[in-house]
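Biologist: Can you walk me through this fold? I have it open and would like the main points.

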Amino acid sequence: MSNNNKRNIPIAKTLFDEKDIANIIKPLESGWVVQGPFVKQFEDRFSDFTKAPHSIAVTSCSAALHMALAALGIKPGDEVIVPAFTWIATANAAEHLGAKAVFCDINLETYNIDISQIEEKITSHTKAIIPVHLFGLPAEMGDIITISKKHNLHIVEDAACGFGAYYNNRHVGNFGDIGCFSFHPRKAITTGEGGMLTTSDEKTAGLLRTLRNHGATTSDFARHNSKGAFLLSEYNYRGYNYRMTDIQGALGVSQLEKAQWILDQRTSKAKYYDKLLADVDYLKTPKCPDHMIHGYQSYVCLFQPEPISFAKLPKLNKIRNDLLIALEEVGISTRQGTHAVTLQNYYRDKYKIKNEDYRNACFADQLTITLPLYPQITEEEQQYVVENIKMEFENKL
Ligand SMILES: Cc1ncc(COP(=O)(O)O)c(C=O)c1O
């Protein structure tokens, strides 16, 4: 394709309108910019949307995962089961507490944890499992709950990508002890950086509110607005500073107002890719079983022109990477789906991991392709993406 036709189609695009701009100014005008009334409003609206009984806002999903495991008492010597193909933050949450991240391979159709392999990973040290709703597709929560009940394990749902994703018509984040969401700009709604914990347990919610604020018994806003504010809170726990700012909270409130529209747009654009790619048999488009609703945080395909094996992987990986380069040259931004945490040097060296140990995670790392997806992308731009994929692949295969 000639350079005259060059576009600029990013992998993701934030959607901010006048309401967002008007909202973020409000804390600046009031002068209260740390966790305060807007964060509270954001939490309440988030609970309205997800039907989670309690929502607790924090600085990121990584912070949420860390704090969730801390609140559940995860400590050195404990083991936490995590999928091998996820963002590294999922595993880091366990390791930051001195626990061991125990990896489990994924299902290559869903990119989520392979249910059939979980039980063989459980030992007497296993205390929790972190299913990830990767790219917006719910993990198979029914089976995960059965396994966790049988072995008395906590569940922390990594719902970083799970906003707008439903399992049996229930929003994700409502199945485990605690759910953790991300508002990074590549997610459906964003507060810049930001995260949310959800739980149905009032005591856990109280503990999380305390832990995010250094372990203080009272929030700064409550103390500031009561008599006797000159005396500091009591500290019963060793907590963290994971408080969200009220500027982020204000943005979260206005982002949530248009959340359903954003999700509907993402879904219809994803379905349009499904249609455009229906006759492309070397790219496996995202699957979604009937009892789930995909949130389409990302539209991730698997490049699989032939059955995948380790022998063929270097060749197939090279074709995939060459395609991503070619797409970049015509102004189309793509990404690999996410990474296999088991291929990252920190974990590979620490646990002496071989590629074959987590076969599907390795294949997904090397062969996935994320296509641009955001509410503003036009059908014509999506056609351009698919035409270029077809042209490049068909030249190479
Ligand atoms: C599966 C998963 N878990 C955790 C995170 C961390 O989220 P955050 O960037 O909000 O810390 C991400 C980020 O993309 C993610 O994809």
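Modeller: We can take the domains, the sheet, the core and a few single residues in turn. Keep in mind that this is a predicted model.

Biologist: Domains, then. What does the assignment give?

Modeller: The domain assignment of the protein gives domain 1 (18-257) and domain 2 (259-396). Their C-alpha centres lie 26 Å apart.

Biologist: How many residues of each are in contact with the other?

Modeller: 32 residues of domain 1 are in contact with 32 residues of domain 2. On the domain 1 side, the elements giving two or more residues are H4, strand E6 (166-167) and helix H8 (246-257).

Biologist: Now the sheet. What is the strand order?

Modeller: Seven strands run E1-E9-E8-E5-E4-E2-E3 in an open sheet, and the pairing is mixed. Strand E1 (54-58) and E3 are at the edges with a single partner strand each, so each has one side without a neighbour in the sheet. On average, neighbouring strands are turned by 25° against each other, direction ignored.

Biologist: Which sense does the E8 and E9 pair take, parallel or antiparallel?

Modeller: Antiparallel. Strand E8 (residues 178-182) meets strand E9 (residues 195-199) over four bridges. In that pair, Ser182 stands opposite Gly195 of E9.

Biologist: And E2? What does it pair with?

Modeller: E2 (residues 79-83) pairs with E3 in the parallel sense, over five bridges. Glu79 has Lys100 of E3 as its bridge partner. For Val82, the partner in E3 is Phe103. E2 also pairs in the parallel sense with strand E4 (residues 126-129), over three bridges. There, Ile81 is bridged to Ile129 of E4.

Biologist: Is E2 buried or exposed?

Modeller: Buried. Five of the five residues of E2 are buried, so the strand is largely enclosed by the rest of the structure. Glu79, Ile81 and Pro83 point one way, while Val80 and Val82 point the other way.

Biologist: How about E3, given that it sits at an edge?

Modeller: E3 (residues 100-104) is mostly covered, with four of its five residues buried.

Biologist: What links E2 to E3?

Modeller: Helix H4 (residues 88-96). E2, H4 and E3 make a right-handed β-α-β unit.

Biologist: Which residues of H4 are buried?

Modeller: Ala89, Thr90, Ala91, Ala93 and Ala94 are buried in H4. Their cover includes H3, E2, E3, strand E5 (154-159) and helix H11 (345-350). Just after H4, Gly98 takes a positive phi of about 80°.

Biologist: Switching to packing. How many residues are in the largest nonpolar core?

Modeller: 110 residues. Those with the most contacts inside it are Met67, Ala68, Leu69, Val80 and Cys180. The largest share comes from helix H3 (residues 61-71), which gives nine residues to this core.

Biologist: Where does that core lie with respect to the domains?

Modeller: Domain 1 (18-257) and domain 2 (259-396) both give residues to this core, so it lies between them.

Biologist: Val80 came up twice. What does Val80 touch?

Modeller: Leaving out residues up to four places away in sequence, Val80 touches Leu69, Ile74, Ala94, Ala99, Ala101, Val102, Lys127, Ala128 and Ile130. Leu69 is also among the residues with the most contacts inside the core.

Biologist: Pick one residue further along the chain. What about Leu371?

Modeller: Leu371 lies in strand E13 (residues 368-371). Leu371 has 27 C-beta neighbours inside 10 Å, so it counts as buried; the cut-off is 20 or more.

Biologist: Which residues is Leu371 in contact with?

Modeller: Tyr273, Tyr299, Cys301, Thr334 and Val385, leaving aside neighbours within four places in sequence. Thr338 is 33 residues from Leu371 in sequence, and the two are 12 Å apart, C-alpha to C-alpha.

Biologist: Last topic, backbone angles. Which non-glycine residues have a positive phi?

Modeller: Two to look at are Lys51 and Asn169. Phi of Lys51 is near 65°. Asn169 has a positive phi of about 65°.

Biologist: Where do they lie?

Modeller: Lys51 is in the loop between helix H2 (37-50) and E1. Asn169 is in the loop between E6 and strand E7 (170-171).

Biologist: Why do they count as exposed?

Modeller: Exposed takes 12 or fewer C-beta atoms within 10 Å. Lys51 has 12 C-beta neighbours inside 10 Å, so it counts as exposed. Asn169 is exposed with 8 other C-beta atoms within 10 Å.

Technical notes
Residues are numbered from 1 along each chain as its sequence is written. This is a predicted model: local features need pLDDT of at least 70, side-chain atom pairs count only at pLDDT 80 or more; totals for chains, interfaces and linings use all residues. Two strands pair if DSSP finds at least two bridges between them. A crossover is right-handed if, with the strands pointing away from the viewer, the path from the first strand over the helix to the second runs clockwise. A nonpolar core is a set of buried Ala, Val, Leu, Ile, Met, Phe, Trp, Tyr and Cys residues joined through C-beta atoms within 7 Å. Domain bounds come from an automatic or database domain assignment. Two residues are in contact if their C-beta atoms, placed from the backbone, lie within 7 Å. Axes are lines fitted to C-alpha atoms, for helices over the stretch in contact, and angles run from 0 to 180 degrees between N-to-C directions.
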